[in-house]
Amino acid sequence: MLKRPQPAILALIASRYTPVYPCHVAPRDMRQHPIGTGPFKFIEFKTNESIRLARNPDYWKPGRPYLDGIEYTIIPNRSTAILAFAAGKFDLTFPYEVTVPLKDVQSQAPQAVCELVPSNASTNLLVNREAPPFDNPELCRALALALDRKSFIDILAEGQGDIGGAMLPPPAGVWGMPPDVLATIPGYGPDVAKNRAAARAINQRLGYGPDKRLAIKVAARNIAGYRDPAIMLIDQLKEIGIDGELDPIETANWFPKLARKDYQIGLNNTGSGVDDPDQQFFENYGCGSERNYTGYCNTELEKQFVAQSEIADRDKRRHLVWDIDKQLQEDGARPIISHNRAATCMQLQVKGLTIMVNSQYNGWRMEDVWLER
């Protein structure tokens, strides 16, 4: 029973961020012997080797092709995995795991089909607002003004990416700010030199300048998708008098470190389970939320989180969502660098697979997929 109207409830329940677990099975047991209600059931897990699934008889569809099983092979090194796919050892790459550029895959496996789509995952800047010097919101604003977002997209993804706020930009996103609204936010204008001059002016008012540069550490998960943009970020921050040192963090320690607020600033990638403001705003910007790694808290704006959630008229709700998102970006709550695109590659025999554009976590039940042999 809901305590208030929430038109988004069906979208939230239908997303892959809302799995149904049996109450009688302990989480410890679920990790080794998962039980679900989908079209496939868990058969076997071999540590560091593979995961095997078999067709759930309840999803049997007589008279049409179907998969009777799926095997996920674990290959930690991305280059090795791509080489194995190109050699024909696998039917499908791991979803959204193939990054731009795609030239290597297409040259090594010209018969493969690769679909590059928005993944509803953003590269963003985390700022620890609970510790000096970034407990000063003006300094946070200077960081946001320093960003050359187009440069990140052009260099790291050959132009394949989107500039936006917290919500996935249109046309793939339903709730993202349109370009004319985005252009009104400080730092989003095309004149990067002007933006950085404003950032330097802020830093000078705070006592930083050519004779007193600010030295910081930039934390990043120790994998390429985090390290590469972190190195670019460090280079861009030099333009406003901030000298960053890369602090690579092993994956097992990354999220605990963020939760402890044990960092100054960090380069992060945030995936969203569903394209809806109720997931994005409350999870990543709500006061006290475990996923609100920056500690941003605006109680008045949070009232608007609730207000937009109750609006049944989609157009009215969308305009309020734009206002909220605009305020988040103006506050530098979690400066969004870019919204990413990623590819899933499949061999020609894979049929019936629909690649989703609203979340990299949705659409992998595989009940409609079959192999043409």
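**Figure 1. Phe 281, Phe 282 and Phe 305 form one aromatic cluster.** The model is predicted. Three phenylalanines make up this group: Phe 281, Phe 282 and Phe 305. Across the whole structure, a search finds six aromatic pairs. Two further views show individual pairs.

**Figure 2. Tyr 96 and Trp 364 pair edge-to-face.** Six aromatic pairs are found in the whole structure. In the pair of Tyr 96 and Trp 364, the ring centres lie 6.1 Å apart. The planes stand at 90 degrees, so the arrangement is edge-to-face. The pair links distant parts of the chain, 268 residues apart. Tyr 96 sits in the loop between helix H3 (78-86) and helix H4 (103-108). Trp 364 belongs to the loop between E10 and E11. Tyr 96 is buried, at a relative accessible area of 5%. Trp 364 also counts as buried, at 12% relative accessibility.

**Figure 3. Phe 255 and Tyr 293 form a tilted aromatic pair.** Centre to centre, the rings of Phe 255 and Tyr 293 are 6.3 Å apart, with 40 degrees between the planes. This pair, too, links distant parts of the chain, 38 residues apart. Phe 255 is in helix H10 (residues 251-259). Tyr 293 is in the loop between helix H11 (277-285) and helix H12 (299-309). Phe 255 is partly exposed, with 30% relative accessibility. Tyr 293, at 7%, is buried.

**Figure 4. Ser 359 is buried in a loop and makes polar contacts through its side chain.** Ser 359 lies between strand E10 (350-351) and strand E11 (370-371), in the loop. Its relative accessibility is 0%, so Ser 359 counts as buried. A polar atom of the Ser 359 side chain lies 2.7 Å from the backbone oxygen of Ser 272. The backbone nitrogen of Tyr 361 is 3.1 Å from a polar atom of that side chain. Leaving out residues up to four places away in sequence, Ser 359 touches Tyr 96, Ser 119, Asn 120, Ser 272, Gly 273 and Val 274. Ser 272 therefore appears both as a polar partner and in this list of contacts. Tyr 96 is the residue paired with Trp 364 in Figure 2.

**Figure 5. Two arginines sit over aromatic rings.** Arg 149 lies over the face of Tyr 188, 3.8 Å from the ring centre. Arg 317 places its charged end over the ring of Trp 175, at 4.5 Å from the centre.

**Figure 6. A disulfide joins Cys 114 to Cys 345.** The count of disulfides comes to two. In the link of Cys 114 and Cys 345, the S to S distance is 2.0 Å. This link is right-handed, with 110 degrees about the S-S bond. It connects distant parts of the chain, 231 residues apart. Cys 114 is in strand E4 (residues 113-127), and Cys 345 is in strand E9 (residues 336-346). Cys 345 is buried, with a relative accessible area of 0%.

**Figure 7. Cys 287 and Cys 297 form a disulfide within one loop.** Their sulfur atoms are 2.0 Å apart. The S-S torsion is about 100 degrees, so this disulfide is right-handed. Both cysteines lie in the loop between H11 and H12, 10 residues apart. Cys 287 is partly exposed at 27% relative accessibility. Cys 297 is partly exposed at 46%. With the bonded cysteines numbered in sequence order, the pairing is 1-4, 2-3.

**Figure 8. Cys 140 is buried and its sulfur is too far from other cysteine sulfurs for a bond.** The closest cysteine sulfur, in Cys 297, is 14 Å away from that of Cys 140. Cys 140 has a relative accessible area of 0%. Cys 23, in contrast, is exposed at 83%.

Notes
Residues are numbered from 1 along each chain as its sequence is written. This is a predicted model: local features need pLDDT of at least 70, side-chain atom pairs count only at pLDDT 80 or more; totals for chains, interfaces and linings use all residues. Side-chain values use heavy atoms; hydrogens and water are left out. Helices (H or I, at least four residues) and strands (E, at least two) are DSSP runs, numbered from the N terminus. Buried means under 20% relative accessible area, exposed over 50%, partly exposed in between (1.4 Å probe, protein chains only). A polar contact is a pair of N or O atoms within 3.5 Å; within protein, one must be able to donate a hydrogen and the other to accept it, and residues adjacent in sequence count only if both atoms are side-chain atoms. Contact means heavy atoms within 4.5 Å. Rings of Phe, Tyr and Trp (its six-membered ring) pair if their centres lie within 6.5 Å; planes under 30 degrees apart count as stacked, over 60 as edge-to-face and the rest as tilted. A charge sits over a ring if NZ of Lys or CZ of Arg is within 6 Å of the ring centre and within 35 degrees of the ring normal. A disulfide is a pair of cysteine sulfur atoms within 2.5 Å.
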